[in-house]
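User: Hi! I'm new to reading protein models and would like to work through one with you. Could you show it to me?

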Amino acid sequence: MTKYVVKRVLLAFATVIIISLITFFAMNAIPGGPFNKEKAVSPAVIAQLEARYNLDKPLWEQYIIYVKNIAHGDFGVSLKNGREIKDIFAESFPISAKIGLLASVIAIAAGLVLGSIAALMRNKWPDRVIIFFITIITSMPSFVVATLLLYFFCMKLGWFSAFSAGENMTVLPVIALSLSPMAYITRLTKTSMLDALGQDYIRTAKAKGVSSRKVIFVHGLRNALIPVITYVGPMIASILTGSMVVEAIFNLGGLGSKFVMAITNRDYTLIMATTIFLATIMVIANLITDIVYKVVDPRIKLD
Amino acid sequence: MKKKLVSLVLVASMALGLVACGKSATDTSSNAGTGSEAPAVETTKEDKTTLNIWMSSEPAHIDPALNSSVDGGCLAVNSFEGLMRYAADGSLEPACAESYEVSEDGLTYTFTMRDGLKWSNGESLDASDFVYSWKRAASPEVAADYSYLAEIFPSFTYETGLGDEDVVASEDGKTLTVHLKSVCPYFLDLCAFPFFFPVNEEAVEASKSADDPVGSWANDAGENFVCNGAYVLSSWNHDSDMTYTKNDNYWDADSVSVTTLNVMLTAENTVAYTAYQTGDLDFIDDIPVAEIPTAMQSSEFNILDNLGTYYFSFNYNSDLYDSLGLNEEDAKVFRHAIALLIDRQYICDTIGQTGQVPASTFIPAGCVDGNGGEFKNTDYYSIDDYEANVTEAKSLLESIGLFDTATDALTQDVSFTYLTNNVEGNVKIGEAIQADLAAVGINMSIDQEEWNVFQETRKAGNYDVAREGWIMDYNDPVNMLEMYTTESGNNNPQFGKDSSKSLDWAKYDEMIDNIRTEADLAKRAELMHEAEDYLMDTWCIIPLYYYNDPYMIKGYVDGVYGTVEGMKYFYHATIK
């Protein structure tokens, strides 16, 4: 196990380096630059700015400087507003992570419960009601959900303020973010639960007189969890790093919008930081997923 | 991507609007936006001291020297103050300066500072703070977007910044003497422009480091943020909101009755519009295009004149003309014909929608001439009689062998590409032009590029025709005329860059130089007219309309005003 984890961590490290390399050269290859303005800035000023941020050096040298700085924990400053990248992350990631974590918990809990109910009461009315709503939710992208929530709860009912300085909304964005993964988890749980319940060992357990609660939770659900875990790992990673759309609609100032903003502004340092950050979280999530497999199903061999 | 989001959200919100309309069976209007149920105008608000406003997304900088956006400028004028400021009627009035004198040759300005000026932290502020701030703003270390404004000073260079003689404070800090390179009729306007606002030396220097020659003092709210205007930044949740509170050390604090300004920071005008409708915002500086027809019915809808022109430009060196067999002179006639074929009123009415005025000059209407009058005194073509314009265009095209009036058709295929950034309104304008040209058989296709790429393509001259637009930084024609000197970074039409052409663009460069040095203001105005004539005579610059600036403000707010440069002033606001 330890050997496996060490191997995976090293591999993850290599993955992040390769991603950073590709991103670095790709972003420099696309036209445009961080100092383009409607009113052209004087060439002397551009030269000063490029010198300040080492952009006047050859690309490979820029990359080496960048990697060296990162090794010292220095992600540099945003080329657009001069703020420290680590400050930007320190204030925006907790916002996204809080909403994302709440949404994940709700999505997983509700998804597992609803999926199990649907599987156990297959073809009865609770199953049909659940699947009906799940189908509707699946076909609604989060921005539609978010807009609907904003419209009804802020405009029509007036339960929440559409804007209140210093206060971020929590309830509505969490709902908007959790619905779609919840629907997916419900469907996954239902399918794999049905599959697990049809297995021989369930029949054996029942024949041995094991209580039905134990059959469902220990033998059924536990085995049904494998496909769900496969989905949940990367889902949590992407939900934690924020949704551009939901954050824009609820004016959250999270990390989600930075991904797109950075590219639009050709804010090279921020592009690199967001990419590396997302890549790191993704590989960690995948690693944890694999380890959790082992915990849930000891038959799975990791090496 | 972002564009897509906005339109999708719009579609979603419009669908909702339709649902809402369905409930009230009488409402069958086509304005089925979220605003279909226009709320009754509120005439009073409980909290008389708080104003909630929205301008745009988070500005890159609120350091007045570094800011180059209009919305950032709005924040600057409400939290900092220069030697001069704009009053509600658009006139300049002394602010940090109490009075000023101009030397007879117009090259030396002597400002007498107001007594008892203080920074927001209570320390005193005098002329020497202006010396520090101006030198800093123009320095190569700061490398500000607007450092070109410092070209008015005699010893300014981009490598060394300002010299010691350019701006001098007296020993007692009571007077500030400014020397200019040449007569500058808009200098007092510049004194009310954020680039020339004072910043606190201690705060700036304390926040500098070896890696950061600019200083991060204005990157967050807190003790480091020291200002001298009506409001001081008290909290800043990045990309979400800012709160400004009244600065009790402001010299004019007695006339400030709104003590808290909450600023929403979002790029999505639909989100801001929703917050305005729910009453969570009192002022919004932009309205979603789809909502304009509904919003315009409201008494809360306002339009300010803006000093700016929406236009497009032909690339002078495009190989389009060669492919049509046109020499330089004929190419000019061709471009002239295109200019006449566009129905500008249609664009204003159906795309602009907020009462924009069709443009017949490059320098916008309302711009002053620096000699006490309005600059605009001519129309380069008629904007009233579109039919006549089309007829004239056809005969122009015929004169260069591209059109046959007998058959009312082109004699050969004429195709070119219109380049624009991928924003809905700009593309729609491109489509309107496309339709106008198609009426005579000209085939114009539209290329869309992402904003950053678009700017590079345009600058490199890799286009036939490209969308342009400019809102002036200060009220003087030279601000727009100087964009087209040969070496200017905005010379997108590539004037003077192909030596094989006979166009004499060195002459234009010389004209701009002469304008910059001319001391006689009447003569100077005349030179600017000549330069505009010379520029327009290429028919590379095709004006479409003059910009204006729609905004919405609740009926219970009085005293908010704006300038033609787009700045909004909130410190004299009152709430009923």
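User: Which residues touch the most other members of the largest nonpolar core?
Analyst: Happy to help! This is a predicted model, where local features need pLDDT of at least 70, side-chain atom pairs count only at pLDDT 80 or more, and totals for chains, interfaces and linings use all residues. Residues are numbered from 1 along each chain as its sequence is written, while chains are lettered from A and ligands numbered from 1 in the order in which they are written. A nonpolar core is a set of buried Ala, Val, Leu, Ile, Met, Phe, Trp, Tyr and Cys residues joined through C-beta atoms within 7 Å, and buried means that 20 or more other C-beta atoms, placed from the backbone, lie within 10 Å of a residue's own (exposed is 12 or fewer, partly exposed in between). Of the 218 residues in the largest core, those touching the most other members are Ala146(A), Ile249(A), Ile53(B), Ala272(B), Leu281(B), Phe283(B) and Ile284(B).

User: Which helix gives the most to this core?
Analyst: Helices (H or I, at least four residues) and strands (E, at least two) are DSSP runs, numbered from the N terminus. With 13 residues, the top contributor is helix H7 (residues 171-197) of chain A.

User: Which residues is Phe283(B) in contact with, leaving aside its neighbours within four places in sequence?
Analyst: Contact means that two C-beta atoms, placed from the backbone, lie within 7 Å. By that test, the partners of Phe283(B) are Leu51(B), Ile53(B), Trp54(B), Tyr551(B), Ile553(B), Val557(B) and Val560(B).

User: Why is strand S1 of chain B largely enclosed by the rest of the structure?
Analyst: S1(B) covers residues 50-54. It is largely enclosed because, of its five residues, the number buried is four.

User: Which residue is the bridge partner of Leu51(B) in S10(B)?
Analyst: Strands pair if DSSP finds at least two bridges between them. S1(B) and S10(B) (residues 260-264) run parallel, joined by five bridges. Within S10(B), Leu51(B) is partnered by Leu261(B).

User: And which residue is the bridge partner of Trp54(B) in S11(B)?
Analyst: S11(B) (residues 283-284) also runs parallel to S1(B), with two bridges joining them. There, the partner of Trp54(B) is Ile284(B).

User: How many residues does the contact take from chain A and from chain B, and which element gives the most to the side of chain A?
Analyst: The contact takes 44 residues from chain A and 48 residues from chain B. On the side of chain A, seven residues come from the top contributor, H6(A).
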